[in-house]
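Q: Could you take a close look at a single strand for me, and walk me through its surroundings?

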Amino acid sequence: MSNLHLTDYLSPDVALVPTRKGFGEGLKKAGEIDVNVVAACADLTESVQMHIFREAFPNRFFEIGIAEQNLVTVGSGLAAMGKIPFVSSYAAFSPGRNWEQIKTTIALNDVPVKIIGSHAGLYTGADGATHQMLEDIALMRVMPNMVVIAPGDAVEAEKATLAMAKDPRPNYMRLAREATPVFTTDKTPFEIGQAYVLEQGQDITIIATGTMTHKALIAAQLLFKDGIDAEVVHVPTIKPLDAVTILQSVKKTGAVITVEEGQIAGGLGGAVAELLSEQLPTRLVRMGMKDHYGESGKPVELFEHFGLTTKHIALEAHQLLTSLGKQ
Amino acid sequence: MFQKYSELELEQIANTIRKDIITMLEHAGSGHSAGPLGLADIFAALYFDVLRHDPKKPDWEERDILLLSNGHCAPVRYAAMAEAGYFSKKELLTLRQFGTRLQGHPERTKLAGVENTSGPLGSGLSQAIGMALAMRLNNQHHRWVYVVLGDGELDEGNIWEAAMLAPKHGLHNIIGIIDRNNIQIDGPTESVVPLEDLRGKWESFGWHVIEIDGNNIEAVIDACAMARAVIEKPVMIIAHTIPGKGVDFMEYDFHWHGMPPNHEQAMIALKELRTLGGKIRSEHE
């Protein structure tokens with residue numbers, strides 16, 4: 001899709017940048033644009049790339065210490081007084097530990113705190129299951145008023161950060177630790193709540209979020225070589241879900257795969273299953289973590305072990321189309 | 001707005017707040033009795049003397065902030081707000097009813113003048129820190145954040161995270177008031193999880209501590225004035241109160257923490273409070 005201005009993402013030389021880096025750059029820009037943007041972190045400032053903001057605006061940065069409940073409730077107070085606080089930690093701890101505080105003092109209280117959960121998903125690798133946050137999309141998606149964002153790459157993460165600073169709602173954004181392929185450019189559009197058809201196809205819809213979208217794009221290329229015309233829908237905003245774009249695609253293809261690096265229960269897979277079962281019942285395969293935890297290992301080993309490589313996506317597509325009698 | 005009330009008038013206001021609390025709770029058929037009754041004097045002092053606020057302009061940009069961290073004590077806030085003119089006293093009877101602005105636990109988005117949504121315990125002090133930091137960034141040096149906390153609430157870890165952070169920033173624009181009534185749902189605080197040495201705990205965390213009789217309105221007003229004069233440290237006022245204060249059969253009885261009076265009990269309580277109203281004489285006249 002030339003109008004989306006993607007990079008040459010199939011190239012082996014595709015740039016690798018962590019999404020947290022894009023967030024860090026975006027936050028500094030947001031701070032330059034709006035003096036009310038402030039930031040707080042729970043003892044992981046460089047790790048979540050908030051040090052860029054801290055260095056630019058030392059008076060608007062608050063070190064909270066290892067206290068995630070305090071992190072989000074201080075954020076609630078800042079937001080109630082007109083600030084736009086970005087509060088960050090690892091996703092395993094925020095929203096992992098402080099869900100109730102987020103619900104009561106941010107979402108129900110309806111103040112625009114921007115919760116940043118870094119090191120989400122399997123890309124957290126060697127740190128193991130305690131630090132691989134796989135349940136955050138589900139946790140945050142069930143919360144009324146909350147917006148849930150999982151950017152596909154670092155460039156999109158930067159745009160998402162700038163969009164969040166302007167959004168009047170409470171937001172959650174999940175980020176990854178590892179450098180991942182950059183498939184969008186400065187010119188690629190991003191709006192909160194919008195899904196994007198990155199590859200058009202007729203035979204099957206692959207819906208992916210976050211860093212898994214690049215894998216879906218590669219899988220579509222593998223399928224193309226097998227004569228299957230796959231459509232890739234990138235869903236950087238899991239809530240509110242862009243039902244229009246998804247339904248349009250599924251109506252055309254009649255077969256759906258969702259891909260995420262998190263629990264399919266309540267995650268993107270859950271969200272798409274809810275949408276389709278109510279509005280357009282369609283055969284659906286949900287790829288992601290299936291009611292189990294991760295473990296230590298290199299990301300590449302973990303994606304292989306849990307069946308989340310590009311080859312696995314292509315294989316699932318073949319199996320689904322075969323079972324539907326379409327090949 | 002800045003009318004000065006005499007001590008006798010404030011005591012009568014506190015008594016009216018107590019009567020309204022009983023009437024509201026009896027009508028609602030559920031809710032908390034002991035905490036709100038014990039806090040009536042503190043809320044009379046806050047809304048009718050201490051706070052800079054304007055009931056006709058709840059979002060006035062120069063107002064002091066009052067956070068209620070122990071949200072289950074909402075009836076005392078609602079009764080004080082109605083008495084101060086934020087809304088009609090008739091609306092008090094909608095407490096906990098479907099469609100009400102007076103939710104069982106208070107919600108900022110429902111009722112103007114409520115500054116924080118609370119109920120789950122332990123969050124208010126941290127919210128006060130966020131607000132105090134924002135005021136400092138905004139160069140608002142003549143505003144204070146008051147935050148009322150329960151003593152049972154101090155079991156929550158979130159409180160002690162906040163207790164450590166506020167002194168780091170020297171947030172002297174935070175004035176905490178602990179409702180030290182010694183009860184919580186499962187019994188006396190000291191048998192559930194001991195809080196003492198409570199004063200020593202806060203002092204060792206870097207707070208300036210003032211200890212008062214929280215049912216003495218003048219003591220509350222004086223403590224808040226002293227607190228505003230403290231520089232470089234946040235202030236915690238430990239206000240010793242009698243749970244259920246004003247209603248004989250409720251006082252000191254932890255069973256009244258989470259119960260409303262039934263009709264008969266409410267009639268007895270109101271009669272007692274009416275009689276009390278006739279007897280109020282300020283010691284300081």
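**A close look at S3(B)**

A: Both faces of S3(B) are covered, with B:Ile174, B:Gly176, B:Ile178 and B:Arg180 buried on one side, and B:Ile175, B:Ile177 and B:Asp179 buried on the other. Keep in mind that this is a predicted model. The split into two sets follows a familiar pattern, because side chains in a regular strand alternate between the two faces of the sheet. Counted along its length, the strand covers residues 174-180 of chain B, and 7 of its 7 residues are buried. That count includes the charged pair B:Asp179 and B:Arg180, which sit on opposite faces.

Now for the neighbours in the sheet. S3(B) has strand S2 (residues 145-150) of chain B as a partner, joined to it by 6 bridges, and the two run parallel. To find your place in that pairing, look for B:Val148, which stands opposite B:Ile177. The connection is worth tracing too: S2(B), helix H5 (residues 157-168) of chain B and S3(B) together make a right-handed β-α-β unit.

S3(B) also pairs with strand S7 (residues 235-240) of chain B, again in parallel and again through 6 bridges. Here a handy marker is B:Asp179, whose bridge partner in S7(B) is B:Ala239. So that you have both markers together: B:Ile177 faces B:Val148 of S2(B), while B:Asp179 is matched with B:Ala239 of S7(B).

Elsewhere in chain B, there's a helix with a similar story to tell about burial. Helix H3 (residues 74-84) of chain B has 11 of its 11 residues buried, so it is largely enclosed by the rest of the structure. Its buried residues include B:Arg77 and B:Glu83, alongside others such as B:Val76, B:Tyr78 and B:Met81. What do they pack against? The buried residues of H3(B) pack against helix H1 (7-28), helix H2 (34-50) and strand S1 (65-68) of chain B. Just after the helix, B:Gly85 takes a positive phi of about 105°.

Back to the strand for a last look: S3(B) is mostly covered, it runs parallel to S2(B), and it runs parallel to S7(B) as well.

Terms used. Residues are numbered from 1 along each chain as its sequence is written. Chains are lettered from A and ligands numbered from 1 in the order in which they are written. This is a predicted model: local features need pLDDT of at least 70, side-chain atom pairs count only at pLDDT 80 or more; totals for chains, interfaces and linings use all residues. A residue is buried if 20 or more other C-beta atoms lie within 10 Å of its own, exposed if 12 or fewer, and partly exposed in between; C-beta atoms are placed from the backbone. Helices (H or I, at least four residues) and strands (E, at least two) are DSSP runs, numbered from the N terminus. Two residues are in contact if their C-beta atoms, placed from the backbone, lie within 7 Å. Two strands pair if DSSP finds at least two bridges between them. A crossover is right-handed if, with the strands pointing away from the viewer, the path from the first strand over the helix to the second runs clockwise.
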